[in-house]
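Thanks for coming. I will take a few minutes to walk through one structure, starting with how its parts meet and then turning to some local details.

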Amino acid sequence: MFDILKSLCCIDGISGDEQNVREYIISQIKDCCEYKVDNIGNIIVFKKGKKRPFKKLMLDAHMDEVGFIITGIDDNGFLKFTNIGSIETAVMLSRHVLINGKINGVIGSKPIHLTHGEESKKLPKADTLYIDIGAKSKEDAEKYVRLGDSAVMVSDYTDNGEVIMSKALDDRIGCAVLIKMLKEYNEYDFYASFSVQEEIGLRGAKVSAYAIDPDSAIVIEGTTAGDIAGTPENKSVCNLNKGAVVSFMDRATLYDKEYYNLALNSKLKVQPKRAATGGNDAGSVHLSKKGVKTLSVSAPCRYIHSQSSVVSKSDIKAVYDLVLYMSDLILSKGV
């Protein structure tokens, strides 16, 4: 699973530009299930098991990552951009970026020595930032870049044996867990979706859930871990090395209480998310058609939506164990 995760994280794929991630996932699952790619790019999967389930279950993970899209080129050849997904301004400053997988640039801002007074004490506004690719002019930049091109923050993938540091762990963790499920779980039929465009409004899962029409769903995610220096315990949300995270509520979903309690009482390595913040594909999935009983299972992730997110390998294993446990419970007993 971790070799697959490394490959996934090293592929660039912001919302709306997931094709390279999609091709890699298909190369991993094509021999163990039936799949199709829908009109907006979701991979919708059916895995045939030994038995028919008591409920139709959908597992979901999203393929896209946060990044940038080029929106303009000024006369000096600097590129204007807008965020794809939520990225803190402090994370963007002076970051090395890659446009279309081949053009290197750096996110620039007004030099600190040219700022004065209160301006020098504050972060620049996001709309004042630009990408510098070393172009001499607008015409020079247009030889390499055009409006609508994608950019990502460049990152090394580091595995020190206990933790992983990389971009795109949200939600390539979910994709890696879902690939493992498709390869290894054979008891009951189930459905899966590798969804697009989660980072810009939970869009792909809305389409895939409508197509699959499940009774129940498990959304596999990464979520913010705040257990860092200077953060009080009651503000830390969840912690590395304490297992899979299950949510009772976020800004998009009130989760099924039966599934939430079953997960917490599973005797597996599980922790509740200690805040009702954020949102994920469950926000679209649980409202589909007749309504869907939904659980979110996440890996705690420090510095999420940055070029160097940090996750614990033991937590990723715990996510897989809980997804496997809950899936089998839903499929075999119809809870």
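Before the interface, one term: a polar contact here is a pair of N or O atoms within 3.5 Å, where within protein one must be able to donate a hydrogen and the other to accept it. With that rule, three residue pairs are in polar contact across the interface of domain 1 and domain 2, both residues of each pair being at pLDDT 80 or more. The pLDDT filter is there because this is a predicted model.

Now the domains themselves. The domain assignment gives domain 1 as 2-65 + 167-333, and domain 2 as 67-153. In the contact between them, domain 1 takes part with 11 residues and domain 2 with 14 residues. Their C-alpha centres are 31 Å apart.

How much area do domain 1 and domain 2 bury between them? The figure is about 960 Å², and 62% of it is on carbon and sulfur atoms. On the domain 1 side, 53% of the area buried against domain 2 comes from I14, H305 and Q307, more than from any other three residues. The residues of domain 1 that touch domain 2 are two nonpolar, four polar and five charged. Between domain 1 and domain 2 the number of salt bridges is zero.

Elsewhere there are salt bridges to look at, since the structure as a whole holds 15 salt bridges. One of them joins the side chains of R172 and E65, at 2.9 Å from N to O. R172 is in helix α5, residues 169-184, while E65 is in the loop between β3 (57-62) and β4 (67-73), so this pair ties together parts that are 107 residues apart in sequence.

Please stay with helix α5 for a moment. D171 has its place in that helix, and the peptide bond that joins D170 and D171 is cis, with omega at about 10°. As background, most peptide bonds are trans, and most residues other than glycine have a negative phi.

The second half of that background applies to L202. This residue is not a glycine, yet its phi is positive, about 55°. L202 is found in the loop between β12 (190-195) and α6 (203-212).

Last, helix α9, which covers residues 313-333. From its first C-alpha to its last, α9 reaches 30 Å over 21 residues, close to the 30 Å expected at 1.5 Å a residue. Just after α9 comes G334, with a positive phi of about 70°.

That is the tour; I can take questions now.

Notes:
Residues numbered from 1 in each chain as written. Heavy atoms only, no water. Domains from an automatic or database assignment. Contact = heavy atoms within 4.5 Å. Buried area = accessible area lost by both parts, 1.4 Å probe. Salt bridge = Lys/Arg side-chain N within 4 Å of Asp/Glu carboxyl O. Polar contact = N/O pair within 3.5 Å; in protein donor to acceptor, adjacent residues only side chain to side chain. Nonpolar A, V, L, I, M, F, W, Y, C, P; charged D, E, K, R; others polar. Helix = DSSP H or I, 4+ residues; strand = E, 2+ residues; numbered from the N terminus. Expected span 1.5 Å × (residues − 1).
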